[in-house]
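Q: I'd like a close look at a single part of this model, followed by how that part fits into the rest. Here is what I'm looking at.

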Amino acid sequence: MNLALISCSKLIKETSCSAREMYSKSTLFKKTYLYCQKADYSIYILSAKYGFLTPQTIINPYDFSVKNMSKKEKLEWGQWVARNINNINPSKIDFYTGIEYFANVTPFLDCKNFYYPWKGLGIGQRLSFLNKSI
């Protein structure tokens, strides 16, 4: 199974809804999701608060970021997320996330076949790539 991990967004809905809907106010999130859908990945969402989510998981609005976590909290969060990913035993993982997500999860993954396509790209460059690809 090829997995696509998409990071959550600061732009969120104001009411409880599915994870996919929660972050749909973000253009980057929406376009990344569409790109991964077209590429036929199994898509999951990484959330600072909720960890590893299916797009259908119902969640509540929140204001929390991995960037605001202490080093210890990031380590614990990365282990928690990686445990959930390891349970589904993917053959390949592509991280369509911010660097904080990638850096804190990958050390704990059993699957060593992972890729960070956004490496070195700013949000504008990511959007430009997605606009050409979807």
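Why does Asn86 count as buried or exposed, whichever of the two applies? Please start there and then walk me outward through the core and α2.

A: Keep in mind that this is a predicted model. Asn86 counts as buried because its relative accessibility is 19%, and the cut-off for buried is under 20%. The residue belongs to helix α3, which runs over residues 71-88. Its side chain makes a polar contact with the backbone nitrogen of Asp110, at 2.9 Å. Leaving aside residues up to four places away in sequence, Asn86 touches Phe108, Leu109, Asp110 and Cys111.

Now for the core. The largest nonpolar core has 42 residues, and the members touching the most others are Leu5, Tyr23, Ile85 and Phe95. At least two residues each come from β1 (2-7), α1 (19-22), α2 (27-38), β3 (42-47), β4 (51-53), α3, β6 (92-96) and α4 (99-105). With 5 residues, α2 supplies the largest share. In soluble globular proteins, nonpolar side chains tend to be buried together. Tyr23 is worth a click: beyond residues up to four places away in sequence, its contacts are Cys8, Ser9, Leu11, Ile12, Phe29, Ile45, Ser47, Leu53, Ile59 and Tyr62.

Phe29 from that list takes us into α2, where it is buried along with Leu28, Thr32, Tyr33, Tyr35 and Cys36. These residues sit on the same side of α2, because they cover an arc of only 165° around the axis. Among the elements covering them are β1, α1, β3, β6 and α5 (123-133).

The helix itself checks out on length: at 1.5 Å a residue, the 12 residues of α2 should span 16 Å, and the end C-alpha atoms are 17 Å apart, which agrees. Its N-terminal end is capped by Ser26, with a side-chain oxygen 3.4 Å from the backbone nitrogen of Leu28. Just after α2, Asp40 has a positive phi of about 65°.

Zooming out, the chain has 5 helices and 7 strands, in the order β-β-α-α-β-β-β-α-β-α-β-α along the sequence. Its radius of gyration is 14 Å, close to the 14 Å the globule rule gives for 134 residues, so the chain is as compact as a globular protein of that length. Along the principal axes, the C-alpha atoms fill a box of roughly 35 × 35 × 25 Å. Buried residues account for 45% of the 134. Of the contacts between residues at least 6 apart in sequence, 60% join residues at least 24 apart.

Terms used:
Residues are numbered from 1 along each chain as its sequence is written. This is a predicted model: local features need pLDDT of at least 70, side-chain atom pairs count only at pLDDT 80 or more; totals for chains, interfaces and linings use all residues. Side-chain values use heavy atoms; hydrogens and water are left out. Helices (H or I, at least four residues) and strands (E, at least two) are DSSP runs, numbered from the N terminus. Buried means under 20% relative accessible area, exposed over 50%, partly exposed in between (1.4 Å probe, protein chains only). A polar contact is a pair of N or O atoms within 3.5 Å; within protein, one must be able to donate a hydrogen and the other to accept it, and residues adjacent in sequence count only if both atoms are side-chain atoms. Contact means heavy atoms within 4.5 Å. A nonpolar core is a set of buried Ala, Val, Leu, Ile, Met, Phe, Trp, Tyr and Cys residues joined through side-chain atoms within 4.5 Å. The expected span of a helix is 1.5 Å times one less than its number of residues. The arc is that of the directions from the helix axis to the C-beta atoms. The radius of gyration is taken over C-alpha atoms; the globule rule is 2.2 Å times the number of residues to the power 0.38.
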